[in-house]
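Reader: Please take me through the enclosed spaces in this model, one question at a time.

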Amino acid sequence: MGSRPRVSALLPDFPWDTIAAVKAKAAAHPGGLVDLSVGTPVDPVAPLIRAALNSVAEVPGYPTTHGTPELRAAAVDALKRRYGITGLDPAAVLPVIGTKELIAGLPRLLGLGADDLVVIPEVAYPTYEVGALLAGAQVLRADGLTRLGPQSPALIFLNSPANPSGKVLGVEHLRKVVEFARERGVIVASDECYLGLSWDAEPVSILDPRVSDGDHTGLLAVHSLSKTSNLASYRAGFVAGDPELVAELLEVRKHSGMMVPYPIQAAMTAALGDDAHEAQQRERYRARREILRNALREAGFRIDHSEAGLYLWSTRGENCRVTLEWLAERGILAAPGDFYGPTSGEHVRIALTATDERVAAAAQRLTT
């Protein structure tokens, strides 16, 4: 045991462990904690989704790794109806056990290793880097293709709308990435879990025909139901795109037993088939965003990007840990920008995922 190399030694410290003290300080506020640090849903799961989950709860057999035909068809229909994605084969859809699992495992599932380069956004959700490190691959933070120089990566991760900044990549930017990738045989994996939460800009999928010209070769779009359908506890997501890449992922996942539980597949099918509950949840977030945005600006914050998604990327022009303490004195917990890369040390991420009552309390504390 003593000489065994530990995988955890390859990874950075778990970022949330570093704010335990400031969380305790915020929780000591007389009015209680307002936790705006994590993008976890607080609103109830829609009744039709719960009914679908319960309707197959008695089924005892193993689910299929590829997902039911009904689920894959519902995903294809939803992507077309909601985001204008056409030409997607249901066989090129694969349910996953939450998209964080997929992102963390994707470099390994694709067989990448020490000789391979994985490109991630300069300001990024930590799991992109973690996935590359777990595969033993090299990591480069780069938003622009010019930073790559002569290097030819094996995998490029995109995230639009972005976590944490809410930045939206336009059609032309995405087209340039796709063109670059196809010239070099590079796989592009686009994390699109916030695609349904647009406010001040129109996010587009990597599979959008304006981006891909209807050709999904080398492209993977990662979608989650955690945010738009409040299914974080269900671990419900899927990946879609290049039929050959999806088939490769399917084969590896079958051997590994990586199956989405059958009741979750039924719940996903119901969620993807209904747009009304998604629109209702989007309206909840829109209203909370307006309240928090106004309060932060009144309190002297500048909000950058944040055109879409579940966060307000905010700064007071100081070290993010100082801002974190300032917020904690008011009983508010945020996520420090240094979680997301070395260039974001003056920002904090303010989540919209709190109840209306807690959002109102945060606004009152910010502006008093």
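Reader: Which element gives the largest share of the lining of the largest cavity?

Author: This is a predicted model, where local features need pLDDT of at least 70, side-chain atom pairs count only at pLDDT 80 or more, and totals for chains, interfaces and linings use all residues. Residues are numbered from 1 along each chain as its sequence is written, and side-chain values use heavy atoms, with hydrogens and water left out. A cavity is a set of points on a 1 Å grid over the protein atoms alone where a 1.4 Å probe fits but cannot get out, and lining residues have an atom within 4 Å of a point. Four residues, the largest share of this lining, come from one element, α3.

Reader: How do the residues of that lining divide into nonpolar, polar and charged?

Author: Asp, Glu, Lys and Arg count as charged, Ala, Val, Leu, Ile, Met, Phe, Trp, Tyr, Cys and Pro as nonpolar, and the others, Gly among them, as polar. The largest cavity has 15 lining residues, with Arg82, Tyr83, His223, Ser224 and Thr228 nearest its centre. They divide into three charged, four polar and eight nonpolar.

Reader: What is the volume of the second largest cavity?

Author: A volume is the space filled by probe spheres set on the points, and grid points are joined across faces, edges and corners. The lining here consists of Leu158, Asn159, Ser160, Leu169, Leu174, Ser190, Glu192 and Val204. The volume of the second largest cavity is about 30 Å³.

How values were computed: 1 Å grid on protein atoms, 1.4 Å probe; cavity = no way out; pocket = protein on both sides within 12 Å on 5 of 7 lines; lining within 4 Å. Helix = DSSP H or I, 4+ residues; strand = E, 2+ residues; numbered from the N terminus.
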